[in-house]
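Let's take a friendly tour of the aromatic contacts and pockets in this structure. Please keep the model open beside you as you read.

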Amino acid sequence: MSQSTVPFLPFVKPEIDEETIQGVADVLRSGWITTGPQNQKFEAALSEFCGGRPVRTFNSGTATLEIGLRIAGVGEGDEVITTPASWVATSNVVYEVGATPVFVDIDPATRNIDLDLLEKAITPRTKAIIPVYLSGLPVDMDRLYEIARAHKLRVIEDAAQAFGSTWKGERIGKLGDIVSFSFHANKNLTSIEGGALVLNNEEEAVLAQKYRLQGITRTGFDGMDCDLLGGKYNLTDVAARVGLGQMPHLERFIAQRKKLARAYFAGFEGGAAARLGVGLPLADFENSNWHMFLITLPLEKLSIDRAGFMGQLKERGIGSGVHYPAIHLFSLYRAKGFKEGMFPHAERYGASTVTLPLFTLMNESDVERVCRAVNEICEQYGK
Ligand SMILES: *Cc1c(COP(=O)(O)O)cnc(C)c1O
């Protein structure tokens with residue numbers, strides 16, 4: 001087959017079935033298109049998924065993090081410990097509520113926050129922890145909550161990428177303190193845009209509802225009060241219908257992702273990439289939902305940089321991404337005093353990581369094609 005006849009392989013692509021598309025059309029025709037019955041159903045399905053805990057939907061996994069912090073009482077003067085190897089939303093929300101993010105370096109094997117360093121970073125001002133489960137791999141949840149309990153800290157889990165991940169056989173969201181999911185188009189389960197908060201009790205659920213919609217409480221036919229400053233973060237019923245339509249497929253989605261991840265490990269065995277030292281993710285087929293497959297490039301052994309490497313993939317009809325550059329090196333964060341050298345593992349990771357294609361509509365031959373391309377580029381540009 002010639003190069004031009006091979007279709008372009010993006011690094012991510014959502015899978016939406018015809019029934020869901022039809023369901024969205026039905027919602028549009030129903031006369032109720034913003035938050036309504038579809039949201040109620042979606043929240044009920046999510047709650048069941050999380051062992052019956054209260055769940056409230058939102059219009060993004062950024063809103064959920066911010067409101068999770070507010071519900072936990074985090075604000076002015078508080079410190080929140082988190083990781084610099086994440087999407088910038090994770091720490092932006094800390095500033096948003098008036099608190100200060102305290103970064104802790106990652107464990108280079110898991111690429112998640114190093115829990116030993118986390119414990120050392122706790123001060124009398126520490127109020128909460130935001131752990132991130134990068135590419136769906138949870139941290140050691142036993143150790144995380146042992147630390148949180150010992151120091152009386154709240155946890156707002158940034159489980160944006162970990163919908164369907166597990167810890168010792170229990171789903172993320174079923175255990176723990178406040179848990180935040182994202183249903184952005186690229187996530188394992190999508191509602192186009194959207195998110196959900198898993199909460200501890202009805203009191204927190206009521207607070208979540210208030211923060212979600214202008215702090216409003218309605219009673220009877222005409223009663224209305226506003227007793228707290230809320231925003232506008234509700235999810236539309238169109239979005240909720242998409243999310244609902246994804247739920248029955250989740251287990252298959254994750255099984256397919258695991259199969260593809262296994263194919264990546266097989267495809268990188270013994271090739272030029274392995275010889276050169278391309279870094280692979282931790283091979284966890286127990287807990288991770290394999291949201292992404294992230295490799296790291298041995299840039300010192302390549303005669304091209306990361307952009308060049310990604311360009312070479314593109315020339316071979318393969319899309320790739322970067323998840324994520326270290327947050328503390330962004331201008332906003334440098335302006336607050338963060339600088340190079342503070343979190344060396346996250347910096348090295350952020351500068352060298354490349355996200356390879358991984359989505360449910362791919363098959364193992366697509367993975368083989370990506371591995372061949374990576375090996376070829378390593379062969380060609382390896383020093
Ligand atoms: C996607 C993501 C978010 C934000 O979710 P949105 O729905 O895009 O607002 C936050 N944290 C992490 C780790 C994410 O991957």
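## A stacked pair and its cluster

Y264 is buried, and F293 is buried too. Do keep in mind that this is a predicted model. The ring centres of Y264 and F293 lie 4.4 Å apart and the planes meet at 20°, so this pair is stacked. Y264 belongs to helix α9 (residues 250-267) and F293 to strand β12 (residues 293-296), so the pair ties together parts that are 29 residues apart in sequence.

These two rings have company: Y264, F265, F268, F285, W290 and F293 form one aromatic cluster. One member of that cluster, F285, also has a charged partner, as the charged end of R262 sits over the F285 ring, 4.0 Å from its centre.

## An edge-to-face pair

In total, the structure holds 17 aromatic pairs. For F163 and F181, the ring centres are 4.9 Å apart and the planes stand at 85°, so the pair is edge-to-face. This pair links distant parts of the chain, with F163 in the loop between β5 (154-158) and β6 (166-167) and F181 in strand β8 (residues 178-182), 18 residues apart.

Are these two rings buried or exposed? F163 has 2% relative accessibility and counts as buried. F181, at 1% relative accessibility, counts as buried as well.

## The largest pocket

Now to the open spaces. The largest pocket has a volume of about 370 Å³. Its lining is made up of 22 residues, and W87, S182, H184, K187 and Y324 are the ones that lie nearest the centre. Two elements, α3 (61-71) and α4 (89-96), give two or more residues to this lining, and α3 gives the most, with 3 residues.

By class, the lining of the largest pocket divides into 7 nonpolar, 12 polar and 3 charged residues. Both domain 1 (18-246) and domain 2 (250-381) take part, each giving at least three residues to that lining.

## The second largest pocket

The second largest pocket holds about 300 Å³ of space. Which residues line the second largest pocket? They are V206, Q209, K210, R212, L213, I216, T217, R218 and N234. Here α7 (202-212) and β10 (216-219) each supply at least two lining residues, and α7 gives the most, with 4 residues.

The classes in this lining come to 3 nonpolar, 3 polar and 3 charged residues. R212, one of the lining residues, also meets an aromatic ring: the charged end of R212 sits over the ring of F58, 5.8 Å from its centre.

Conventions: Residues numbered from 1 in each chain as written. Predicted model: local features only at pLDDT ≥ 70, side-chain atom pairs only at ≥ 80, totals over all residues. Heavy atoms only, no water. Phe/Tyr/Trp six-rings, centres within 6.5 Å; stacked < 30°, edge-to-face > 60°. Buried < 20%, exposed > 50% of the residue type's maximum accessible area, 1.4 Å probe, protein only. Lys NZ or Arg CZ within 6 Å of the ring centre and 35° of its normal. 1 Å grid on protein atoms, 1.4 Å probe; cavity = no way out; pocket = protein on both sides within 12 Å on 5 of 7 lines; lining within 4 Å. Points joined across faces, edges and corners; volume = space filled by probe spheres on them. Nonpolar A, V, L, I, M, F, W, Y, C, P; charged D, E, K, R; others polar. Domains from an automatic or database assignment.
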